[in-house]
Amino acid sequence: MAIPEPILFCWSGGKDSALALYTLLQQQQFRVAALLTTVTELYDRISMHGVRRELLLQQADSIGLPLHEVLIPPQCVNPIYEARMEQALRVFYDRGVRKVAFGDIFLEDLRAYRETNLARIGMTALFP
């Protein structure tokens, strides 16, 4: 039996993210190494949906996966977002993770954006 490939899951705290994570957890070829979430500094909320950080911590605890938070400023511009995400992704790259999964509703431009940014550091995207 093959060893499951470690992947990182970008967690937004929303229903689409939960469904995608559930789908991945059912697949034996992957092992979700951690959840990665952007949190807006000062607001202390998940950047994507505005979910309070307190609830984010409860979600990660109930799922039973480690949580890696990427702190970004309010009204974050792309260069700062991309630099902080790259720094976080490199932590996992150094641990052998080469794939990052997303629970986005399928949007072609967002998919291309994610794939391009991940390719820069030798990672690929999954969209379960």
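In this predicted model, the largest nonpolar core holds 19 residues, and those that touch the most other members are Leu 8, Leu 36, Leu 89, Val 100, Leu 118 and Met 123. Two or more residues of this core come from each of β1 (5–10), β2 (30–40), β4 (67–72), α3 and β5 (99–102), and α3 gives the most, with five residues. As a general background, nonpolar side chains in soluble globular proteins tend to be buried together.

**Contacts and cores**

- Leaving aside residues up to four places away in sequence, Met 123 touches Leu 89, Tyr 93, Val 97, Arg 98, Lys 99, Val 100 and Leu 118.
- Apart from the largest core, there is a second, separate core of 17 residues, which includes Ala 20, Leu 24, Leu 35 and Ile 46.

**The packing of α3 and α4**

- Two packed helices are described by the angle between their axes and by the distance between the axes.
- Helix α3, which spans residues 78–93, packs against helix α4, residues 108–119, at an angle of about 55°, and their axes lie 11 Å apart.
- Angles that are neither under 35 nor over 145 degrees, and that fall outside 65 to 115, count as oblique, and α3 and α4 are therefore oblique to each other.
- The crossing of α3 and α4 is right-handed.
- On the α3 side the contact involves Asn 78, Tyr 81, Glu 82 and Leu 89, which meet Tyr 113, Arg 114, Asn 117 and Leu 118 in α4.
- Sorted by character, the residues of this contact between α3 and α4 comprise four nonpolar, two polar and two charged.

Terms used
Residues numbered from 1 in each chain as written. Predicted model: local features only at pLDDT ≥ 70, side-chain atom pairs only at ≥ 80, totals over all residues. Heavy atoms only, no water. Axes fitted to C-alpha atoms, helices over the stretch in contact; angles between N-to-C directions. Helix = DSSP H or I, 4+ residues; strand = E, 2+ residues; numbered from the N terminus. Left-handed = near helix turned anticlockwise from the far one by under 90°. Contact = heavy atoms within 4.5 Å. Nonpolar A, V, L, I, M, F, W, Y, C, P; charged D, E, K, R; others polar. Core = buried A, V, L, I, M, F, W, Y, C linked by side-chain atoms within 4.5 Å. Buried < 20%, exposed > 50% of the residue type's maximum accessible area, 1.4 Å probe, protein only.
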